[in-house]
Amino acid sequence: MRMSFRRPLVALAGLGSLFAVGAASAQASAYPAKPIQLIAQQPPGSSSDAMTRIWADCAAQELGQPVVVQNRPCANGLLAVSALKGQPADGYTLMSSGMSQMSITPYTYKRQPYDPATDFDGVAVLGTTSLVLTVPAGEGIARLADLQKLAASQPGGLNFGSPGKGSPAQLLTTALLDKLGVAGTHVAFVGEGAGVTALIGRQIQAMTLVGNTAAAQVKAGKLVALAVFDGQRYGLLPDVPTITELLPAAADLARPSWFAIVAKAGTPPQMLARLNAASEQCRSNAQYRQRLDAMNVTLTPSRPEDVRANAARDAAVWRPLIDKLGLANE
């Protein structure tokens with residue numbers, strides 16, 4: 001009797017599997033069938049938030065569904081990452097992510113809070129932008145050498161800010177001070193905007209900012225730009241030298257920041273491809289290009305797999321540097 005029931009049960013199991021595959025395929029082909037939530041890992045008003053919203057506006061047009069931005073700023077992206085990982089891998093929750101979250105932040109903890117290589121699927125790398133070292137105006141600091149002298153003259157060295165622990169701003173400034181042979185004290189803020197306010201108010205003495213943020217404050221006479229962390233000069237601040245020009249020994253710090261959209265690992269490839277196609281279509285959208293050009297963001301053609309490739313490439317540089325500088329802690 002047992003043998004007589006086995007074949008029908010096996011057949012039913014096979015039909016169930018085929019039904020599940022067919023249902024998943026139909027779901028993917030109908031995607032998106034409802035609004036998409038896009039988690040932003042920085043607060044409103046930041047450059048990261050602005051790029052997130054520019055992509056969301058354009059992607060919504062291309063996808064035919066609203067893309068709703070939800071800000072989850074805290075600990076340089078850890079809250080946003082946690083929110084994404086807590087959702088199904090169904091393509092309806094995405095996250096905007098910078099070079100920081102994908103190749104720096106997780107390695108600044110001895111107990112790595114997440115793994116960019118296994119926790120995320122890439123959607124697209126949107127573009128790159130330069131990072132700029134700045135100081136308050138009116139302090140008599142016009143060159144990198146002036147900042148070096150100031151740091152050397154103070155007990156504890158230089159007080160410098162960043163948008164959070166594990167941000168490129170923290171890592172680049174720390175590494176630069178190390179190469180200059182001076183000390184520094186890191187002050188973490190919740191987002192770039194809070195750090196800029198503190199810098200202008202002289203509560204800190206230096207901060208590395210996203211290029212367009214720095215340019216706006218420099219042109220307003222509130223900040224002075226000392227160096228660009230890139231291999232070429234920054235279009236909005238053409239008179240500011242690159243870090244390589246100023247300090248050839250710091251050529252490894254000439255790395256522009258990049259920005260991407262990611263999904264939770266396990267998202268169906270058809271959905272990732274649909275999202276990537278929408279992102280590529282946005283690169284041809286005049287309004288989208290104009291808005292990002294105004295931020296001096298260099299647009300990047302991208303496939304989903306490029307996100308992980310970029311993360312691995314940069315982590316190969318940043319992880320040894322984090323270990324060398326002793327930036328990893330509990």
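1. Axes here are lines fitted to C-alpha atoms, for helices over the stretch in contact, and angles run from 0 to 180 degrees between N-to-C directions. With that convention, and bearing in mind that this is a predicted model, α2 and helix α12 (residues 286–293) pack at an angle of about 175°, their axes lying 10 Å apart. Since angles over 145 degrees count as roughly antiparallel, α2 is therefore roughly antiparallel to α12.

2. The residues behind this helix pairing can be named on both sides: M51, I54, W55, D57 and C58 of α2 meet Y288, R291 and L292 of α12. Sorted by class, the contact of α2 with α12 comprises six nonpolar and two charged residues, with no polar ones.

3. An open sheet of six strands follows the order β2-β1-β3-β10-β4-β11, and its pairing is mixed. Its edges are formed by β2 (67–71) and β11 (298–299), each of which pairs on one side only. Within this sheet, strand β1 (residues 36–40) and strand β3 (residues 93–98) run parallel and are joined by three bridges, and L38 stands opposite L94 in β3.

4. An open sheet of five strands, again described with mixed pairing, has the order β7-β6-β8-β5-β9. Here the edge strands are β7 (184–188) and β9 (223–228), each pairing on one side only, and neighbouring strands are turned by 30° against each other on average, when direction is ignored. Five bridges join strand β6 (residues 158–162) to β7, and these two strands run parallel; in β7, T185 is the bridge partner of N159. Helix α8 packs on this sheet, where it touches β5 (131–136), β8 and β9, and the direction of α8 makes about 140° with that of β8.

5. A search of the whole structure for cavities of 30 Å³ or more finds two. The largest cavity holds about 350 Å³ of space, and of the 27 residues that line it, Q42, S48, P168, V210 and S257 are the closest to its centre. Two or more lining residues come from each of α2 (47–63), α4 (99–103), β4 (120–129), α7 (168–180), β8 (206–210) and β10 (257–264). By class, the lining of the largest cavity has 11 nonpolar residues, 15 polar residues and one charged residue.

6. The second largest cavity has a volume of about 30 Å³, and its lining consists of L133, L144, L147, L158, T173, L176, L177 and L180. The elements that give two or more residues to this lining are α6 (144–153) and α7, with α7 giving the most, at four residues. Seven of the residues lining the second largest cavity are nonpolar and one is polar, while none is charged.

7. Two details of the backbone deserve a separate entry. Most residues other than glycine have a negative phi, and most peptide bonds are trans. The peptide bond from Y31 to P32, however, is cis, with omega near -5°, and P32 is found in the loop between α1 (2–29) and β1. R202 has a phi near 65°, a positive value in a residue other than glycine, and R202 is placed in the loop between α8 (192–200) and β8.

How values were computed:
Residues are numbered from 1 along each chain as its sequence is written. This is a predicted model: local features need pLDDT of at least 70, side-chain atom pairs count only at pLDDT 80 or more; totals for chains, interfaces and linings use all residues. Side-chain values use heavy atoms; hydrogens and water are left out. Two strands pair if DSSP finds at least two bridges between them. On a 1 Å grid over the protein atoms alone, a cavity is a set of points where a 1.4 Å probe fits but cannot get out, and a pocket is an open set with protein on both sides within 12 Å along at least five of seven lines; lining residues have an atom within 4 Å of a point. Grid points are joined across faces, edges and corners, and a volume is the space filled by probe spheres set on the points. Ala, Val, Leu, Ile, Met, Phe, Trp, Tyr, Cys and Pro count as nonpolar, Asp, Glu, Lys and Arg as charged, and the others, Gly among them, as polar. Angles under 35 degrees count as roughly parallel, over 145 as roughly antiparallel, 65 to 115 as roughly perpendicular and the rest as oblique. Contact means heavy atoms within 4.5 Å.
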